Amino acid sequence: MTFLLHNTASGGKEEFEPLEPGHVRLYTCGPTVWNFAHIGNFRTFLFYDLLRRHLRFSGYRLTHVVNITDIEDRIISHATERGVSIREYAGPYEEAFLEDLATIRFQGVEVMPRATEHVPEMVAMVEKLLAKGNAYQADADVYYRVSSFPRYGELAHLDRAGLKAGARVAADDYDKEDVVDFALWKGEQPGEAAVGAVWEAPFGRGRPGWHIECSAMSLKYLGPTFDIHAGGIDLLFPHHQNEVAQSEAANEAPLARVWLHSEHLADATGAKMSKRLGNVATLRDLLDAGHDPVAIRFFLLASAHYRQKLRLDETGIRAAAEQVRRLRDFAARVDRSQPAPADDPFLVQELEDARHHYRAALDDDLNLPQAVGYLFDAVREANAGLDQGRAGPAALAAMRVLLDDADQHLDVLKEEDRSLEAEVERLIAEREAARAARDFARADAIREELKARGISLEDTKEGVRWRPA
Ligand code: AMP
Ligand code: ZN
């Protein structure tokens, strides 16, 4: 089987082969823990999850690094306002992030390094870049000398002349040799020591710039050259381009062999979701609105290819919830079905083909929406086969294998380990909300869903009562 990935560096799909047989080394840029991550961020993290799961599915061992950026301007300014250290400020957001990842069933990764715990590695890299002439000191700051790296702009397919013309000179950037130069190290500012954001370095006290964090941590855990580097498309420039310039100049080796970039999640109007625009929803907002985390997972993961924009809307999440329900119903049906006396060879063949197509779609640059299309076609055929008594032992076994393969990526079949009561209460609350919003179709659908689970509802003056029918 060949596994194709769209490499931003070459601009086309390439056959993937890790440097070390059987082992994939992967770096995916993690969150800046200055606030709650929004659902757009989680689209990107679920893309990492899909990539990771498909590599595992393909039989590779992984060393996957997701960094935690906990040294950053916004963290420092908020910590200063509150009079706490940057670690104290960022800690709860990091915890919330990990909780949210578990809620949407993001598979654990091998290494999650924090920037605050890797400053010596960053200092060492800056020293190296200074010694090689790729960096220079300007007062208390250290900048990367972009003119020293002729391939600057190549990864992002930008030409340097254009970059220069388009660059805006910020007031505090006057001491740079060139407007495109970027900070590797920022000299200590008043108040930063009080919040624990100052470190000693041979070139002066201060703190690392954001880009050097990733270069130093990827070198430490994955070595100078690794297999895959991934991130959201907004990170391509300048962040990833700067990582390439830093790492390749310091290590004299190519940084990553394959670069993957995922598209944004947009709001219902099509605008990129971002804190700056104020159009963000957090995972917690969506859960409070009554959505199932597994439906959110399915929506973000499977409703669009990772290189396509996706709009967050109510209809999309509802449709995802419905798809999850159909898969679960089918899995439950397969579980309780007795094999028919004889197999219909055409049905068995169709199911085996579906499994093959499902995998082939994922091998083609992780096309999960297409894979899911094959899966649902197969579910339809399988249900018909079960209805008509054409599903013998081989067909039932093929159905189980197909569901098992699909759930390696989707991870939606296992029900949440909720008590019946909590689940019923949640559905009742959802029905109340639907009625308050005069969405009676939804309210009736919930009543029917509960009925199907053997729960009947009674509307009383005190509210809704429920009992097993
Ligand atoms: P940040 O915490 O801002 O560094 O972002 C963490 C990750 O989320 C990065 O890989 C970003 O590219 C990604 N990201 C930010 N906004 C969006 C969005 N609206 N849709 C998808 N990914 C995003
Ligand atoms: Zn990064």
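Reader: Which residue stands opposite V142 in β7?

Author: Look across the two strands for facing residues. This is a predicted model. In it, V142 stands opposite W185 in β7. Strand β7 covers residues 182–187, and 3 bridges join β6 to it. The two strands run antiparallel.

Reader: What lies on the other pairing of β6, with strand β5?

Author: Strand β5, residues 135–138, pairs with β6 in the antiparallel sense. Here there are 4 bridges. One facing pair is A138 and D141.

Reader: How many residues sit between β5 and β6?

Author: Follow the chain from one strand into the other. There are 2 residues between β5 and β6, and the strands form a hairpin. D139 is in the turn, with a positive phi of about 55°.

Reader: Which way do the residues of β6 point?

Author: Sort them by side. D141 and Y143 point one way from β6, while V142 and Y144 point the other way. Then check the cover: all are buried.

Reader: Which residues have a positive phi although they are not glycines?

Author: Start with the general rule. Most residues other than glycine have a negative phi. Then look for cases that break it. R105 has a positive phi of about 65° and is not a glycine. H157 is another such case, at about 55°.

Reader: Where do R105 and H157 lie?

Author: R105 lies in the loop between α3 (86–103) and α4 (119–131). H157 has its place in the loop between β6 and α5 (160–166).

Reader: Is R105 buried or exposed?

Author: Use the cut-off: buried means under 20% relative accessible area. R105 has 12%, so it counts as buried.

Reader: Where is there a cis peptide bond?

Author: Again, begin with the rule. Most peptide bonds are trans. Now the case here: a cis peptide bond joins F237 and P238, with omega about 0°. P238 lies in helix α7, residues 236–251.

Reader: Which strands pair with β9?

Author: Count bridges and check the direction. Strand β3 (residues 23–28) is joined to β9 by 3 bridges, and the two run parallel. Strand β10 (residues 256–262) also pairs with β9 in the parallel sense, over 6 bridges.

Reader: Which residues stand opposite each other there?

Author: Toward β3, L26 stands opposite I228 in β9. Toward β10, G232 stands opposite S262.

Reader: How many residues of β9 are buried?

Author: Go through the strand residue by residue. Strand β9 runs over residues 226–232, and 7 of its 7 residues are buried.

Reader: Why does H261 count as buried?

Author: Compare its accessibility with the cut-off. H261 has 5% relative accessibility, so it counts as buried. H261 is found in strand β10. Its C-alpha atom is 8.2 Å from that of Y306, which is 45 residues away along the chain.

Reader: Why does L51 count as buried?

Author: The reasoning is alike. L51 has 0% relative accessibility, so it counts as buried. L51 lies in helix α1. Now compare distance in sequence with distance in space. L51 and D365 are 314 residues apart along the chain, while their C-alpha atoms are separated by 9.4 Å.

Reader: Which residues come nearest to ligand 1?

Author: List the shell, then pick out the nearest. There are 16 residues around ligand 1, and G40, T44, D234, L265 and M273 come nearest. Helix α1 (residues 39–57) gives the largest share of the shell, 5 residues. By type, the shell divides into 6 nonpolar, 8 polar and 2 charged residues.

Reader: Which backbone atoms lie close enough to ligand 1 for a polar contact?

Author: Look for N or O pairs within 3.5 Å. A polar backbone atom of M273 is 2.8 Å from a nitrogen atom of ligand 1. A backbone N or O atom of G40 lies 3.0 Å from a nitrogen atom of the ligand. For G232, a backbone N or O atom lies 3.3 Å from an oxygen atom of ligand 1. Next, check the cover. Ligand 1 taken alone exposes 490 Å², and the protein buries 90% of that.

Reader: What does the domain assignment give for the chain?

Author: Read off the bounds. The assignment gives domain 1 (16–262), domain 2 (314–410) and domain 3 (419–468). The centres of domain 2 and domain 3 are 30 Å apart, taken over C-alpha atoms. The chain has 15 helices and 14 strands. Of its 469 residues, 52% count as buried.

Terms used
Residues are numbered from 1 along each chain as its sequence is written. Chains are lettered from A and ligands numbered from 1 in the order in which they are written. This is a predicted model: local features need pLDDT of at least 70, side-chain atom pairs count only at pLDDT 80 or more; totals for chains, interfaces and linings use all residues. Side-chain values use heavy atoms; hydrogens and water are left out. A residue is near a molecule or strand if one of its heavy atoms lies within 4 Å of it. A polar contact is a pair of N or O atoms within 3.5 Å; within protein, one must be able to donate a hydrogen and the other to accept it, and residues adjacent in sequence count only if both atoms are side-chain atoms. Accessible areas come from the Shrake-Rupley method with a 1.4 Å probe; for residues, only the protein chains shown count as cover. Ala, Val, Leu, Ile, Met, Phe, Trp, Tyr, Cys and Pro count as nonpolar, Asp, Glu, Lys and Arg as charged, and the others, Gly among them, as polar. Domain bounds come from an automatic or database domain assignment. Buried means under 20% relative accessible area, exposed over 50%, partly exposed in between (1.4 Å probe, protein chains only). Two strands pair if DSSP finds at least two bridges between them.
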